[in-house]
Amino acid sequence: MPETSEYAATFALVDADGDGRISADELVALMRNLGDACTHEQAAETVRAMDSNGDSRISLEEFARFMSSRN
């Protein structure tokens with residue numbers, strides 16, 4: 001399993017409500033703040049791709065696993 005501390009600060013920026021999970025709504029808000037016209041459907045697809053336990057949210061562990069697999 002990848003080291004989660006490496007990704008914790010980035011994760012915290014996306015986890016706007018601080019509940020320890022990233023939702024599709026939080027991804028939409030982030031992308032819009034960055035100037036990207038991300039739809040809820042696109043964000044939900046991203047969440048599904050990263051969500052390994054099926055709770056429709058991205059945990060820090062899932063986020064770290066996904067990010068480390070891209071390096």
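What pattern does the chain follow when read along the sequence? Going from start to end, you meet α-β-α-α-β-α. Keep in mind that this is a predicted model.

**The overall picture**

That pattern amounts to four helices and two strands. The chain is as compact as a globular protein of its length, because its radius of gyration is 11 Å, close to the 11 Å that the globule rule gives for 71 residues. Here are some values for the whole chain:

| Property of the chain | Value |
|---|---|
| Span of the C-alpha trace along the principal axes | about 30 × 25 × 25 Å |
| Share of the 71 residues that count as buried | 31% |
| Exposed area | about 4,600 Å² |
| Part of the exposed area from carbon and sulfur atoms | 50% |
| Distance between the mean positions of the positive and negative charges | 4 Å |

As for those charges, the chain has 6 positive and 14 negative ones. Contacts also reach along the sequence: among those between residues at least 6 apart, 47% join residues at least 24 apart.

**Looking inside**

The largest nonpolar core has 16 residues. Ile22, Leu27, Ala43, Ile58 and Phe63 are the ones with the most contacts inside this core. Helix 1, helix 2, helix 3 and helix 4 (60-69) each give two or more residues to the core, and helix 3 gives the most, with four.

Ile58 is a good residue to click on. Setting aside its neighbours within four places in sequence, Ile58 touches Phe11, Gly20, Arg21, Ile22, Leu27, Val47, Met50 and Phe63. So which of the residues with the most contacts inside the core does Ile58 touch in that way? Ile22, Leu27 and Phe63 are among them.

**Around helix 2**

Now take helix 2, which runs over residues 24-33. Which of its residues are buried? They are Ala24, Glu26, Leu27 and Val28. Leu27 therefore appears twice in this story, being buried in helix 2 under the cut-off of 20% relative accessible area and also listed with the core residues that have the most contacts. The cover over the buried residues of helix 2 includes helix 1 (8-14), strand 1 (21-22), helix 3 (40-50) and strand 2 (58-59). After helix 2 comes Gly35, with a positive phi near 90°.

**Out at the surface**

Is Glu6, in the segment before helix 1, buried or exposed? Glu6 counts as exposed, because its relative accessibility is 57%. The C-alpha atom of Glu6 lies 23 Å from that of Ala29, and the two residues are 23 residues apart along the chain.

Note on methods: Residues are numbered from 1 along each chain as its sequence is written. This is a predicted model: local features need pLDDT of at least 70, side-chain atom pairs count only at pLDDT 80 or more; totals for chains, interfaces and linings use all residues. Side-chain values use heavy atoms; hydrogens and water are left out. The radius of gyration is taken over C-alpha atoms; the globule rule is 2.2 Å times the number of residues to the power 0.38. Buried means under 20% relative accessible area, exposed over 50%, partly exposed in between (1.4 Å probe, protein chains only). Contact means heavy atoms within 4.5 Å. Accessible areas come from the Shrake-Rupley method with a 1.4 Å probe; for residues, only the protein chains shown count as cover. Lys and Arg count as positive and Asp and Glu as negative; His and the chain ends are not counted. The place of a charge is taken as NZ of Lys, CZ of Arg, CG of Asp or CD of Glu. A nonpolar core is a set of buried Ala, Val, Leu, Ile, Met, Phe, Trp, Tyr and Cys residues joined through side-chain atoms within 4.5 Å.
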